[in-house]
Amino acid sequence: MSTKTNETDEPVLRDTRPPRGEDRAQYGVCAFLALLGTAVVVDGLGIPHLTSGIDPVGPRAVPLALGVALVIVAVLYAVDVARGGRGEPESGEDVDLTQGGDWRTVALLTGAFVVNAVLIERLGWVISGALLFWGSAFALGNRHHLRNLAIAAALSLGTFYAFAIGLGVNLPAGVLQGIL
């Protein structure tokens, strides 16, 4: 509600809220979320209940928890829609829609990903990942080349050890085999 004044300087209350009314299309989103959650729960129940000393929960817990969470969100969303809840319309971005796409940036990013895919086995993740991170920063317009290269090397080395130590997943070491 907002307060405005008329010619007699008396406050006039105006309703600035969006008009109330049912948006039945939102019930489709609720139904989709409920069906997806039900499918995840049913699929999760098909996973055998295997536990071990290092994994007392087993592989069923995450799909069941996510499926139940999806169904709960669907129900809460349906209740919100029934009570007249609406999302705010998108206000847009500060983008000139009359301009075309930036195909140079898309091509440079694609090139960085292709170079990474081609070189990851030969050079290893640390080098190819550093090239990927540096190439992505370059494609997105950052021109501090040496700083970006140092950050890219730190990121790729950090992710290499995070995967190896934290997750137990060995990324390819490539030419740095035995050094890392």
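Two aromatic rings, from Phe, Tyr or the six-membered ring of Trp, count as a pair if their centres lie within 6.5 Å, and planes under 30 degrees apart make the pair stacked, while planes over 60 degrees apart make it edge-to-face. With that in mind, this tour goes through a predicted model, and the structure holds three aromatic pairs, two of which are visited below.

**First stop: Trp125 and Phe133**

Select Trp125 and Phe133 and turn the view until both rings can be seen. Their centres are 6.0 Å apart and their planes stand at 85°, so the pair is edge-to-face. Colouring by accessibility separates the two partners, since Trp125 is buried, with a relative accessible area of 12%, whereas Phe133, at 26%, counts as partly exposed.

**Second stop: Trp134 and Phe138**

Now select Trp134 and Phe138, which form a stacked aromatic pair, with 5.6 Å from centre to centre and 15° between the planes. Where in the chain do Trp134 and Phe138 lie? Both belong to helix 4 (residues 125–139), where they are four residues apart, about one turn of the helix. Trp134 is partly exposed at 27% relative accessible area, and Phe138 is partly exposed as well, at 23%. Add Arg143 to the selection, and you will find that Arg143 lies over the face of Phe138, at 4.1 Å from the ring centre.

**Third stop: Asn116**

Next, select Asn116, which lies in helix 3 (residues 103–123). Is Asn116 buried or exposed? Its relative accessibility is 11%, and because buried means under 20%, Asn116 counts as buried. To see its surroundings, show the residues that Asn116 touches: leaving aside those up to four places away in sequence, they are Trp125, Ser128, Gly129 and Leu132. Trp125 is thus met again here, as a contact of Asn116.

**Fourth stop: Ile127**

Return to helix 4 and select Ile127, which at 29% relative accessibility counts as partly exposed. Not counting residues up to four places away in sequence, Ile127 touches Val175 and Leu176. Ser156 is also worth selecting here, for Ile127 and Ser156 are 29 residues apart in sequence and 7.5 Å apart in space, taken from C-alpha to C-alpha.

**Fifth stop: helix 1**

Move to helix 1 (residues 25–45), and place a distance label between the C-alpha atoms at its two ends. At 1.5 Å a residue, the 21 residues of helix 1 should span 30 Å, and the end C-alpha atoms are 31 Å apart, which agrees. Then select Cys30, Leu33, Gly37, Val41 and Gly44, which are buried. These residues cover an arc of only 70° around the axis, which puts them on the same side of helix 1. What covers the buried residues of helix 1 includes helix 2 (61–82). On the other side of helix 1, select Ala25, Phe32, Leu35, Val42 and Asp43, which are exposed.

**Last stop: the whole chain**

Finally, clear the selection and show the chain as a cartoon. It has five helices and two strands, and, read along the sequence, it follows the pattern β-β-α-α-α-α-α. Of the 180 residues, 17% count as buried, and with the surface switched on you are looking at about 13200 Å² of exposed area, of which carbon and sulfur atoms supply 65%. Among the contacts in the chain with a separation of 6 or more, residues 24 or more positions apart account for 47%.

Technical notes:
Residues numbered from 1 in each chain as written. Predicted model: local features only at pLDDT ≥ 70, side-chain atom pairs only at ≥ 80, totals over all residues. Heavy atoms only, no water. Buried < 20%, exposed > 50% of the residue type's maximum accessible area, 1.4 Å probe, protein only. Lys NZ or Arg CZ within 6 Å of the ring centre and 35° of its normal. Contact = heavy atoms within 4.5 Å. Expected span 1.5 Å × (residues − 1). Arc of directions from axis to C-beta. Areas by Shrake-Rupley, 256 points an atom, 1.4 Å probe, with all protein chains shown as cover.
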